[in-house]
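Open the model in your viewer and keep the selection box at hand. This tour tells you what to select next and what is there.

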Protein chains: 4
Amino acid sequence: MPSNLPAALFELALANRIIANEGVLDAFGHVSMRHPDQPGRYLLSRSRSPELIGPEDFIEYDLDSRPLAEPGVPQYTERVIHGEIYKARPNVMAVCHHHSPAFMPLIATGTDYVPVFHLGSIGGMKPPFWDQHDEFGDTNMLVVKPEEGASLARALGQHWMVLMRRHGVTVAGSNLRECVYRTVNSHRNADFQVRAMLVGTITPLSPGETKLSSQNTGRTTGLSRAWEYWTARLAKAGNLPVAPKKKTAAERVAKSRGDGARSKKRRA
Amino acid sequence: MPSNLPAALFELALANRIIANEGVLDAFGHVSMRHPDQPGRYLLSRSRSPELIGPEDFIEYDLDSRPLAEPGVPQYTERVIHGEIYKARPNVMAVCHHHSPAFMPLIATGTDYVPVFHLGSIGGMKPPFWDQHDEFGDTNMLVVKPEEGASLARALGQHWMVLMRRHGVTVAGSNLRECVYRTVNSHRNADFQVRAMLVGTITPLSPGETKLSSQNTGRTTGLSRAWEYWTARLAKAGNLPVAPKKKTAAERVAKSRGDGARSKKRRA
Amino acid sequence: MPSNLPAALFELALANRIIANEGVLDAFGHVSMRHPDQPGRYLLSRSRSPELIGPEDFIEYDLDSRPLAEPGVPQYTERVIHGEIYKARPNVMAVCHHHSPAFMPLIATGTDYVPVFHLGSIGGMKPPFWDQHDEFGDTNMLVVKPEEGASLARALGQHWMVLMRRHGVTVAGSNLRECVYRTVNSHRNADFQVRAMLVGTITPLSPGETKLSSQNTGRTTGLSRAWEYWTARLAKAGNLPVAPKKKTAAERVAKSRGDGARSKKRRA
Amino acid sequence: MPSNLPAALFELALANRIIANEGVLDAFGHVSMRHPDQPGRYLLSRSRSPELIGPEDFIEYDLDSRPLAEPGVPQYTERVIHGEIYKARPNVMAVCHHHSPAFMPLIATGTDYVPVFHLGSIGGMKPPFWDQHDEFGDTNMLVVKPEEGASLARALGQHWMVLMRRHGVTVAGSNLRECVYRTVNSHRNADFQVRAMLVGTITPLSPGETKLSSQNTGRTTGLSRAWEYWTARLAKAGNLPVAPKKKTAAERVAKSRGDGARSKKRRA
């Protein structure tokens, strides 16, 4: 089985930059994907702002969020958010953790997210809230211990989005592009919802409409249309990732494990 | 009668990009025009985000929203919005369907649009609302069946704008530029209205003022001034459409119909 | 007395573009100045969006808003706003008419403008409102008749800003740069005021603070600092006006009047 | 002891531009730092908008806000804000004074700042308010007299941020980058807080969470990640400061004091 890791790393860098370019991520937040060949591993950037991430920045982690090899660079402290969700949910292939300005009014007040237009249905009907204080008392608010990540994963349950009180949002996807699509469209819905609440009573999508609309992603041309649009906007901003000129962190890991055969195939 | 189709296709690409560049359209939404020579047909892009559309992307449809020739590329699923309005309203020459962020608070709460300043009068005094659920129950919220499009066209009636609950807005024009002008200015009015509702009681334009102001478009230099401005902004954003280097989809259709005479005239 | 008209025309183009670049003006609105040599005349662009105006676009008007010579290009229909204020107020040297998004919530609801921070004091304490309907009943909302302009000028009285119900704002200045400074800073204050009204009760500047703060403009380095900043931003946006390569409209007027001597001096 | 002044001046220009580029500062406001070698002096730009400041623009002041040498250029009138805080607080190494649009709703209404997410904790739990009117009655609202600056410094006390009624905010830092980090993140928190207040009751971070979160800055990779991000955004905006090509104002001061030895070292 030839690895498609280099293409996956490029796509993951692109995903980080798209979500930043669409205003969801800023200096903070992160986007990961499950390793395309090894379901017991995931790929996440070294400590770097999403808009700046290139394919060479990713580190390979096991599901306990330990790097496969010492990366020699600073790492995100909150990577257990990713690892614990991949551990608990085999059907999750990508995760985004963010502090979208559009979501913050909901996050700061404990107001439920509701889909106010069809594209917002992808966030689900009233996705759950998680409050780190409930189980762990006063903390520095970062999700850094495995048990904190596991608690968040339990709150997510079988949903695809979980809101974190006084912190942010974590979004899951059955593949990377769907994760991006869910992240950006729920962000837009949150903006619309918050402003709508100021002028009247929202009548959200019905449960039936929410379910049917949320299935549009895989059945219409919407996702590919959006992906072309987001990529074009990133290109216009002069911000497309570039293919790595040196070995990637993941390749260095592979090499340090003596995994020469695979490395050769990949470079072929 | 020599065809002015190439110029029309360029203008339609420009219209799509202007409305996107002014913040009304994003990855989704679409702008169409009635065929300049054939009132029983209309022109609409293949499935593509409006900001990226070029003159070569348009497909020719009959009023039942069937392509004149198999286009070989993905199409918008909601094209019946356009076809059914052209069918019901011979005086409509252009249609824009959008999900403007400025309109969303009204759309999500069923709040009437009212003109709060003279340029907003072009949207009319309390344009009608349409709710797909009233006639069709739980759906995926997309307007894809001919009867759904026909229902929307009935709700539009003799108005020039119809608000779609939990979805967006559809705008009509007696020509393409007027449709753009109505779309952008009603979008701005909606933004002003929503923010005004937060600080006090709106005293909108009187019915008389609305009627008189809405006639300014054709009687003052406003539209041509705005068109130069929007085009200049698009140029500055590096986003003007370029003339097609290969045959357009519409030309390919013409050719496949053996409509050589017309094609030659157009290229002359 | 050598004329400084060319420099004034360049500065007036710059003023139009700065106010647009700072988000106050869009396709519509206009900025004029009294003629530097002839107090009975004023300079206003042909019908064009402020962001696009160059020194060659200005037309010379008498205070009855009649062009000194037939300009041969479309003119703003609302120029009486400018002419009638110059006629009524000899100490006004510049006028800006705009529909700032920040002001619209006040304009649509009849909410008084109040200074909420020191820089907002330049708009005055509760500047007057004018409603075209009071005197003229249902109109198309444009200020096009001399008596409409005169009515607005009476409402302005000895103030430096007048709010126009369901329309916009007109700002005056004792010189052009002060007019720009008042326009931009009152626009920012309006934005702050509107958002502040949503979270609590505003305690505006006291009358004494308003008076003292409003005198800062001429006594501190604030205006020159802001002018350098606005100009630098305009340059960065690639939008500085360029010196005219052909005769200006005003020069053509001068020439058509046989005013050769003055023209020569100016070109020297 | 070799001086690191040139590097400090470059970093201070960068700090001014970053805070402006992130939307906190506009034409007005200023950022200073304590002199790296002389704790009894501080460095502040000549009267210039922060986005335009270069390393050569800084003037050396004593803690009474008197320039070490006559600068020959206009100076900020409000520099006592900086001098009096450095005098009262030996542990303050940098100060930013601003009128952030996000803060203005709080400033105009006397609403307390509260941290609504972890990054907002750096602004502290309900930082104090200062009202110039309490002690000085009607003024022009500028903080120009030493006793006005000293009054503000007393209000700041041992906090790291003080809100100024009807005016703006002053932020302190234990080093320059921390001051920038506090300024930008509190600005974002204020935006979130103001919008959150519109949709429900905020449940802010607990005192324990606020304390623990506010210590993250020095213990995680957050600050360096943010600094790289802000610098990259500034570079993309074409707005990085450039190293001085001529003697800086501070060097001219040094030279005028006959401090030749130090100047030589610095240039080496």
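In what order do the seven strands of the open sheet in chain C stand? This is a predicted model. Show chain C as a cartoon and trace the sheet: the order is β3-β2-β1-β4-β7-β6-β5, and the pairing is mixed.

**Stop 1: the edges of the sheet in chain C**

Select residues 58-62 and 129-130 of chain C. These are β3 and β5. Each has a single partner strand, so one side of each is left without a neighbour in the sheet. Strands of a sheet pair through backbone hydrogen bonds, either parallel or antiparallel.

**Stop 2: a strand pair in chain C**

Now select residues 94-98 and 168-173 of chain C. The selection shows β4 and β7. They run antiparallel, and five bridges join them. Which residue of β7(C) stands opposite C:Ala94? Label both: C:Ala94 faces C:Gly173.

Stay in chain C and add helix α5, residues 146-156. This helix packs on the sheet and touches β5, β6 (161-164) and β7 of chain C. Its direction makes about 125° with that of β6(C).

Next, select residues 5-21 of chain C. This is helix α1, and it lies across β1 (30-34), β2 (41-45), β3 and β4 of chain C. Helix α1 of chain C runs at about 155° to β1(C).

**Stop 3: the sheet in chain A**

Switch to chain A. Its seven strands form an open sheet with mixed pairing, in the order β3-β2-β1-β4-β7-β6-β5. Which strands stand at the edges in chain A? They are β3 (58-62) and β5 (129-130); each has a single partner strand, so one side of each lacks a neighbour in the sheet.

Select β4 (residues 94-98) and β7 (residues 168-173) of chain A: five bridges join these antiparallel strands. Zoom in on A:His97. It stands opposite A:Thr170 in β7(A).

Add residues 176-197 of chain A, which form helix α6. The helix packs on the sheet and touches β1 (30-34), β4, β6 (161-164) and β7 of chain A. Its direction makes about 145° with that of β7(A).

**Stop 4: chain D beside chain A**

Show chains D and A together. Two copies of a chain are related by a rotation about an axis and a shift along it. What rotation superposes chain D on chain A? The rotation is 90°, with 0.0 Å of shift along its axis, and the RMSD is 0.0 Å. That is the relation of a four-fold axis. Label D:Leu198: of the residues of chain D, its C-alpha comes closest to the rotation axis, at 4.9 Å.

Now look at the contact. Here 33 residues of chain D touch 36 residues of chain A. The two chains bury about 3000 Å² between them, with 60% of it on carbon and sulfur atoms. Select D:Val199, D:Arg225 and D:Tyr229. In chain D, these lose the most area to chain A, together 24% of what that side buries.

How many salt bridges cross the interface of chain D and chain A? There are three. One joins the side chains of A:Asp26 and D:Arg188, at 3.0 Å from N to O. The interface also holds 13 residue pairs in polar contact. On the side of chain D that touches chain A, α6 (176-197), α7 (207-214) and α9 (222-236) of chain D each supply at least two residues. The largest share, eight residues, comes from α9(D).

Why do these copies meet through different surfaces? Only 3% of the interface residues of chain D are also interface residues in chain A, so the surfaces differ.

**Stop 5: chain C beside chain B**

Hide chains D and A. Show chains C and B. Here 36 residues of chain C are in contact with 33 residues of chain B. The buried area is about 3000 Å², 61% of it on carbon and sulfur atoms.

Look for the three salt bridges across this interface. One of them links the side chains of C:Arg166 and B:Glu209, at 2.8 Å from N to O. Residue pairs in polar contact between chain C and chain B number 13. On the side of chain C that touches chain B, α3 (104-109) and α6 (176-197) of chain C give two or more residues. Which element gives the most to that side? It is α3(C), with four residues.

Finish at the axis. A turn of 90° and a shift of 0.0 Å along the axis lay chain C on chain B, with an RMSD of 0.0 Å. Label C:Leu198: in chain C, its C-alpha is nearest the axis, 4.9 Å from it.

Terms used:
Residues are numbered from 1 along each chain as its sequence is written. Chains are lettered from A and ligands numbered from 1 in the order in which they are written. This is a predicted model: local features need pLDDT of at least 70, side-chain atom pairs count only at pLDDT 80 or more; totals for chains, interfaces and linings use all residues. Side-chain values use heavy atoms; hydrogens and water are left out. Two strands pair if DSSP finds at least two bridges between them. Contact means heavy atoms within 4.5 Å. Axes are lines fitted to C-alpha atoms, for helices over the stretch in contact, and angles run from 0 to 180 degrees between N-to-C directions. Copies are superposed by least squares on the C-alpha atoms of residues with pLDDT of at least 70 in both. Buried area is the accessible area (1.4 Å probe) that two parts lose on being put together, summed over both. A salt bridge is a side-chain nitrogen of Lys or Arg within 4 Å of a carboxyl oxygen of Asp or Glu. A polar contact is a pair of N or O atoms within 3.5 Å; within protein, one must be able to donate a hydrogen and the other to accept it, and residues adjacent in sequence count only if both atoms are side-chain atoms.
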